[in-house]
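Biologist: I would like a close look at one part of this model. Please take me through the sheet and the helices that go with it, step by step.

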Amino acid sequence: MSEEDRTTTRAWVLQPDIRSDPERRDPEPALEEAVALAAALPGLDIIGAEVVRIARPEPATLLGSGKVEELAARLSADEIDLVLIDGPLSPVQQRNLERAWDLKILDRTGLILEVFSERAATREGVLQVEMAALSYQRSRLVRAWTHLERQRGGYGFVGGPGETQLEADRRNIDDQLTRLRRQLEKVAKTRGLHRQARAKVPYPVVALVGYTNAGKSTLFNRLTGAGVRAEDMLFATLDPTMRRVVLPGGLEIILSDTVGFVSNLPTELVAAFRATLEEVLVADLVLHVRDISHPETEEQAADVATILESLGVSAETPMIEIWNKIARLDAEARQAVLARAERKEDVIALSALSGEGLEPLLAHMGEKLSGPRRAMRLELAFADGKRRAWLHEQDVVEAEHETETGWAIDVFWSMRQERLFQDL
């Protein structure tokens, strides 16, 4: 088959099962996720996928020499163009395997970056992915190009070898990273101004978080009536979306759908998407959406918790855990999940696709956002007319009367309203 006849890239997925890894997980679900990640890229034809057992990783090639030779013959026979290795590869391992198999190789980080670059739709998303990709490429620069050394300075008698191509490439990447950081800082500043504007409006912010493909966008669409892309595909949406939602009790909120998380999310991506994920940091309530039908739902929940902690999300931030996709369970498993959810605090089992369980969720959201209320007397000066008007807009004033210097106002409010008032 000639290169001209090919319309797709023939790919093979390898899942390293490293026996010596103390944090090793079941390789079969991990392989399924890796194939799903690869399927999220257009133009890839997944020819095959397999788990490769590794007693101890080889520093030079990850796999043993015998396995490298065996795979070389199979990959050549199947005319494979690209191998996706679902795990971390050092620059040296990647280079050596590419030489041994004479094809392109992507590790897990490279694959996720490719998916993110395909999905980014807004200017901010594109900048974030580009920044993450450059950070990753910088770590891939290996000393394989010493023949491209070039002389800088001197006249051939005193000046020794000057800047190498490796150093020039690294400097070029650093310059681009600096430029991107400045552009992202402007984006973050604009986002901060928008956040300040929202703080003046009495709308709590509710952030949806969860493992990718847990059903966040489907739930977002169900709650808001929005048309956010929701497919059975990893990272179907990247850019955050916000909509106003009115809860049954009349409380208005801003609902934010964020990028999905995944195990071993590249640190470059966490750093690059920090500006976007700041919406989670300032949220008044976090909805953690879980695919309760997934065989590794507990491990996925632990991955999300780890990323939230790395982002700096406070443990005091109210959170509701949503056990989604109960419609995928058989009758017995479904009944067991519903019974477990009933016994747990701040857990709601539902199906975002069918809408089952949404009413209890909305009611619980209202309770969490309202929170306990307490009475307090405030003394405001006549010059504080704006703050007095805000209190009346919030409908928290129980009584008020004028004093010699202003107003004495009795309020009955939640801790959130008190915090917003203090920030005015």
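Modeller: Start with helix H1, residues 27-39, in this predicted model. H1 lies across three strands: E1 (9-18), E2 and E3. Its direction makes an angle of about 155 degrees with E2. Angles over 145 degrees count as roughly antiparallel, so H1 and E2 are roughly antiparallel.

Now look at the sheet itself. It is open and has four strands. Read across it and the order is E2-E1-E3-E4, with parallel pairing. Which strands stand at the edges? They are E2 (44-54) and E4 (104-107). Each has a single partner strand, so one side of each has no neighbour in the sheet. The strands are also turned against each other. Between neighbours the turn is 20 degrees on average, ignoring direction.

Zoom in on one edge. Strand E3, residues 82-85, pairs with E4 in the parallel sense. Four bridges join E3 and E4. Pick out Ile85: its bridge partner in E4 is Asp107.

Next, move to another pair of helices. Helix H7 covers residues 216-224, and helix H12 covers residues 358-370. Their axes are 12 Å apart, and the two pack at an angle of about 80 degrees. H7 and H12 are therefore roughly perpendicular to each other. Which residues make the contact? H7 gives Leu219, Arg222 and Leu223. H12 gives Leu358, Leu361 and Leu362. By type, five of the contact residues are nonpolar, one is charged and none is polar.

Key
Residues numbered from 1 in each chain as written. Predicted model: local features only at pLDDT ≥ 70, side-chain atom pairs only at ≥ 80, totals over all residues. Heavy atoms only, no water. Axes fitted to C-alpha atoms, helices over the stretch in contact; angles between N-to-C directions. Parallel < 35°, antiparallel > 145°, perpendicular 65-115°, else oblique. Contact = heavy atoms within 4.5 Å. Nonpolar A, V, L, I, M, F, W, Y, C, P; charged D, E, K, R; others polar. Pairing = 2+ DSSP bridges.
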